Amino acid sequence: DGHAIQVITPCQTMSLPSVDLRSLPKAEQSVQVQQIFTNNFHQPFDLSKGPLLRGTLLRLDDTEQVLLLTMHHIISDGWSRGVFHRELSALYEAFGSGQPSPLPELSIQYADFSVWQRTWLQDQTLERQLSYWKQQLAGFTPLELPTDRVRPPQQTFQGAWQFFGFSKKVSQAIKTVSQQEGCTLFMTLLTAFKILLYRYTGQEDIVIGTAVANRAVPELENLIGCFINTLALRSHLSGGLGSRELLTRIQQTTLGAYDHQYLPFEKLVDELQLPRDLSRSPVFQVLFVLQNAPTRHALQLTGLTITQVMLAPKLSRLDLSLHIWEEEAELRGVIEYNTDLFEASTIERMPRHLQTLLEGIVANPEQPISTLPLLTKAEQHQLLVEWNNTQTAYPQDNCIHQQFEAQANRTPKAIAVVFEE
């Protein structure tokens, strides 16, 4: 009757195909694992039928296998990975010993959440959420990053990943500053990242996106599904601001966004009615995420040693995405970037610049953001010494006009001077 309804399939079966790579040399196995992963990752799902989860088991030798699992984002998010790993570990342990499933029945399902969300987000509640975001983003300026290549007229989403890490000393210093300033680690890292973008672009109006788990009630914590929402965080920067003052501003902006985090981002985009531009994503083109939710729960399967393998999918949903997480007391991260726009060498410099900025913020939070250190010592030496080492030995027994004549003889067709036309 013209209204959307839920149709829930009672049960779906999933096959687990196996690929035998035991006859290949180790080096060739690594190539094949990456190739199979890439093919699996880019293979589309049929959203009208499902299943929206698929797996492949790669046999490398009699005691080593690689399990590739691919879920469509519409049924899963980062938090869900932790739930999935925890439940898979529990089921493996139980079934391996002939026991039934130890998992308790869930009090609610994702279908219940979707109904609640649509029922709750109406009328005055919807208007309050929309009004806040429209006010926050009124007249915003798109971020124009200095790119290595001209932006193509339509996004191809071709990308690559650049992994990096901060030392324990720097990681601890950042966390200490966050505690001293009464801010979260996310707010401090976001402040440094916005300063970096300000220094790269010279723009004082910067909007970047971030992701929130959107699991406000305990009943949602053990559900697998796409609860995640995206927030657009806008800041006004100026060169005279100190990083401490900017951190306070970003803290206020972030807390306000959290209070209004329930409006689906796609609904906001519809309401803003922005001019359609196929060359870039709407509202923001840069994303920052601190992975501090319980998403990195390791698989623990009795009798097996489990290692998580990081494989880059050669894809970037935005111009630039910065993801940071904490591992063994160190902050580590990955930059996902659009290879239509950036060279790998450009992206490799970004984590070094970010760390230099963070060290400057820790050393002097009152220093204007326009004068905070950005270049590493090696880059400073290259800029001030190596590239300025232009001394040349000229013949001492010739006059200027004689050297000019000699050069003209060597390159008689080269243009020496251009004036007007």
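User: Which residues are linked in a network of salt bridges here?

Analyst: A salt bridge is read from a distance: a side-chain nitrogen of Lys or Arg within 4 Å of a carboxyl oxygen of Asp or Glu. In this predicted model, Glu327, Glu328, Glu330 and Arg332 are linked in such a network.

User: How many salt bridges does a search of the whole structure find?

Analyst: The search finds 20 salt bridges. Let us take a few of them in turn, beginning with Arg22. The side chain of Arg22 meets that of Asp20 in a salt bridge, with 2.7 Å from N to O. Arg22 also forms a salt bridge with Asp62, and here the closest N and O atoms are 3.0 Å apart.

User: Where do Arg22 and Asp62 lie, and what does the pair tie together?

Analyst: A good habit is to place both partners on the chain. Arg22 lies in the loop between strand 1 (18-20) and helix 1 (26-42), while Asp62 lies in the loop between strand 2 (53-61) and strand 3, so the pair ties together parts that are 40 residues apart in sequence.

User: Are these side chains buried or exposed, taking Arg22, Asp20 and Asp62?

Analyst: Relative accessible area decides that: under 20% is buried, over 50% is exposed, and partly exposed is in between. Arg22 has 36%, so Arg22 is partly exposed. Asp20, at 43%, is partly exposed too. Asp62 has 61% and therefore counts as exposed.

User: Which distant parts of the chain does the pair Glu366 and Arg244 link?

Analyst: The side chains of Glu366 and Arg244 meet in a salt bridge at 2.4 Å, N to O. Glu366 sits in the loop between helix 9 (344-363) and helix 10 (377-386), Arg244 is in helix 7 (residues 243-259), and the two are 122 residues apart. Arg244 is partly exposed, with 32% relative accessibility.

User: What about charge over the chain: how many positive and negative side chains are there?

Analyst: Count each set, then compare where their centres fall. The chain has 33 positive and 44 negative side chains, and the centres of the two sets lie 1 Å apart.

User: Which residues form a nonpolar patch on the surface?

Analyst: Met14, Leu16, Leu67 and Leu69 form the patch, and together they have about 340 Å² of accessible area. Leu69 belongs to strand 3 (residues 64-71). Its relative accessibility is 35%, so Leu69 counts as partly exposed.

User: And is Gln261 buried or exposed?

Analyst: Gln261 has 15% relative accessibility, so Gln261 counts as buried. Gln261 is found in the loop between helix 7 and helix 8 (265-272). Its neighbours within four places in sequence set aside, Gln261 is in contact with Gln129, Val212, Asn214, Asn229 and Leu231.

User: Now the whole chain: how many helices and strands does it have, and what share of its residues is buried?

Analyst: There are eleven helices and nine strands. Of the 421 residues, 38% are buried. The C-alpha trace spans about 95 × 65 × 50 Å along its principal axes. The accessible surface comes to about 25,400 Å², and 54% of that belongs to carbon and sulfur atoms. As for contacts with a separation of 6 or more, residues 24 or more positions apart account for 74%.

How values were computed:
Residues are numbered from 1 along each chain as its sequence is written. This is a predicted model: local features need pLDDT of at least 70, side-chain atom pairs count only at pLDDT 80 or more; totals for chains, interfaces and linings use all residues. Side-chain values use heavy atoms; hydrogens and water are left out. Helices (H or I, at least four residues) and strands (E, at least two) are DSSP runs, numbered from the N terminus. Buried means under 20% relative accessible area, exposed over 50%, partly exposed in between (1.4 Å probe, protein chains only). Contact means heavy atoms within 4.5 Å. Accessible areas come from the Shrake-Rupley method with a 1.4 Å probe; for residues, only the protein chains shown count as cover. Lys and Arg count as positive and Asp and Glu as negative; His and the chain ends are not counted. The place of a charge is taken as NZ of Lys, CZ of Arg, CG of Asp or CD of Glu. Patches are made of residues with over 30% relative accessible area and no salt bridge: like charges are joined within 9 Å, nonpolar side chains (Val, Leu, Ile, Met, Phe, Trp, Tyr) within 5 Å.
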